[in-house]
Amino acid sequence: MSDGHAHGHDGHRHERHGYPPRDEHPPRDEHPHSPTRASLRHRLAHLLRPHSHETADRLDPALESSARGMRALWVSLLVLGVTALAQAVVVAVSGSVALLGDTVHNTADALTAVPLGIAFVLGRRAATRRFTYGYGRAEDLAGLVIVLTIAASAVFAGWTAVARLLDPEPVRHIPVVAVAALIGFAGNEWVARYRLRVGRAIGSAALVADGLHARTDGFTSLAVLASAGGAALGWQWADPVVGLAITAAIVLVLRDAAREVFRRVMDAVDPALVDRAERALRDVAGVREVGELRLRWIGHRLRAEVAVVVDGEATVRQAHAIAVDAEHALLHAVPRLTAALVHADPAPVTGEQDPHHVLAHHMTA
């Protein structure tokens with residue numbers, strides 16, 4: 001039954017570009033997959049909502065989403081950049097290290113749009129014979145740059161706050177510092193609302209997370225307002241102490257960002273996605289069992305590799321049809337999955353040698 005592996009050896013892939021959104025598809029019991037022919041309802045559904053499996057006919061809906069995401073990034077960069085610039089001017093005349101910490105944080109947050117935007121642009125480039133998986137990993141490199149940027153801002157803000165705590169200086173132009181803190185809060189809150197709205201509209205968890213991050217930054221700006229109030233009361237320690245508190249907030253953001261980037265670099269995925277994929281595969285007619293299943297992120301899209309067990313007496317065409325149906329089911333069931341490679345294995349027969357035994361010596365470390 002070695003011919004039954006034709007689907008895996010041919011490297012058949014299905015880039016999920018032509019599908020409508022998943023919530024527009026009929027429920028699974030109305031969308032059956034068969035190794036021989038699709039049901040009448042299945043065919044009618046595809047006639048009413050056609051989607052192409054051909055590369056030349058694909059229209060990637062993610063391109064429009066990416067365009068909106070890019071627009072959100074650059075608008076956020078502009079707003080936060082103007083906010084940080086206004087705060088920097090006030091820092092220069094007031095000497096407030098709490099406001100300095102907030103300014104550095106806002107500047108770092110704004111600048112993260114640059115590597116992420118570059119990564120989005122690179123991710124659109126087609127795969128080549130050298131970069132056969134495309135350029136999606138550029139997003140992981142952008143994540144590393146973002147983590148380093150946040151770390152640098154934390155070190156700088158913390159160092160400045162400690163220096164001011166050891167050598168106190170009065171904060172000048174306190175009303176202006178208070179106004180700058182309010183500007184920081186307003187800028188971050190506007191960016192937060194914009195990112196959340198666009199992120200939810202295009203289904204981008206990353207952009208939603210960035211929106212929540214910006215909202216958190218807004219509260220650090222309010223902390224600067226509290227430091228201005230303390231300075232007005234003559235508490236010289238209030239400004240550097242708030243600066244240290246802002247540094248601690250930046251460190252918490254750094255921890256979360258570093259953890260997410262580390263998981264992406266190590267090809268970690270949510271185990272719930274694996275469970276979801278296995279359930280979808282077991283519902284496919286002709287699939288007797290699900291073997292090794294692997295998922296990995298490449299940029300903001302998922303790829304899958306899986307082995308499914310089929311009837312050992314099935315013809316090559318029947319095994320291939322089952323594999324295609326399994327691939328189709330995965331693409332509909334797993335969010336952000338854009339490619340799946342399915343390998344069909346024959347069901348084992350008592351006394352028959354494992355057909356993969358010739359590969360065993362390649363599997364040892």
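## Strand pairing and crossover

Strands E2 and E3 run parallel and are joined by nine bridges. This is a predicted model. One pairing links Ala 307 to His 343, its bridge partner in E3. Between the two strands the chain passes through H11, and this β-α-β crossover from E2 to E3 is right-handed.

E3 is mostly covered. Of its 10 residues, nine are buried.

## Two nonpolar cores

In soluble globular proteins, nonpolar side chains tend to be buried together. Here the largest nonpolar core holds 26 residues. Val 306, Leu 330 and Leu 337 touch the most other members of this core. Two or more residues each come from helix H10 (271-282), strand E1 (289-298), strand E2 (301-310), helix H11 (316-333) and strand E3 (337-346). H11 gives the largest share, seven residues.

A second core is separate and has 25 residues. Among them are Leu 100, Ile 150, Ala 180 and Leu 254.

## A buried threonine in H4

Thr 103 lies in helix H4, which spans residues 97-111. Thr 103 counts as buried because its relative accessibility is 6%, below the 20% cut-off. Which residues does Thr 103 contact, leaving aside its neighbours within four places in sequence? They are Ala 84, Gln 87, Ala 88 and Val 91.

## Positive phi outside glycine

Most residues other than glycine have a negative phi. Asp 267 has a positive value, with phi near 60°. Asp 267 sits in the loop between helix H9 (238-265) and H10. Its relative accessible area is 27%, so Asp 267 is partly exposed.

Arg 336 is not a glycine either, yet its phi is positive, at about 65°. The loop between H11 and E3 holds Arg 336. Arg 336 is partly exposed, with a relative accessible area of 33%.

## Salt bridges within helices

Side chains of opposite charge can pair when their charged atoms come close. The whole structure contains 11 salt bridges. One of them joins Asp 256 to Arg 259, with the closest N and O atoms 3.1 Å apart. Both residues lie in helix H9, three residues apart, which is about one turn of the helix. Asp 256 is partly exposed at 31% relative accessible area. Arg 259 is partly exposed at 38%.

Helix H10 carries another pair, Arg 282 and Glu 278, four residues apart and about one turn of the helix. Their side chains meet in a salt bridge with an N to O distance of 4.0 Å. Arg 282 is partly exposed, with 44% relative accessibility. Glu 278 is also partly exposed, with a relative accessible area of 22%.

## A four-residue network

Which residues do salt bridges with shared partners join into one network? The members are Arg 137, Asp 140, Asp 267 and Arg 296. Asp 267, the loop residue between H9 and H10, thus appears here as well as among the positive phi values.

Within this network, the side chains of Asp 140 and Arg 137 meet at 2.7 Å, N to O. Is Asp 140 buried or exposed? Asp 140 is buried, because its relative accessible area is 9%. Arg 137, its partner in the salt bridge, counts as partly exposed at 27% relative accessibility.

Conventions: Residues are numbered from 1 along each chain as its sequence is written. This is a predicted model: local features need pLDDT of at least 70, side-chain atom pairs count only at pLDDT 80 or more; totals for chains, interfaces and linings use all residues. Side-chain values use heavy atoms; hydrogens and water are left out. A nonpolar core is a set of buried Ala, Val, Leu, Ile, Met, Phe, Trp, Tyr and Cys residues joined through side-chain atoms within 4.5 Å. Buried means under 20% relative accessible area, exposed over 50%, partly exposed in between (1.4 Å probe, protein chains only). Contact means heavy atoms within 4.5 Å. Two strands pair if DSSP finds at least two bridges between them. A crossover is right-handed if, with the strands pointing away from the viewer, the path from the first strand over the helix to the second runs clockwise.
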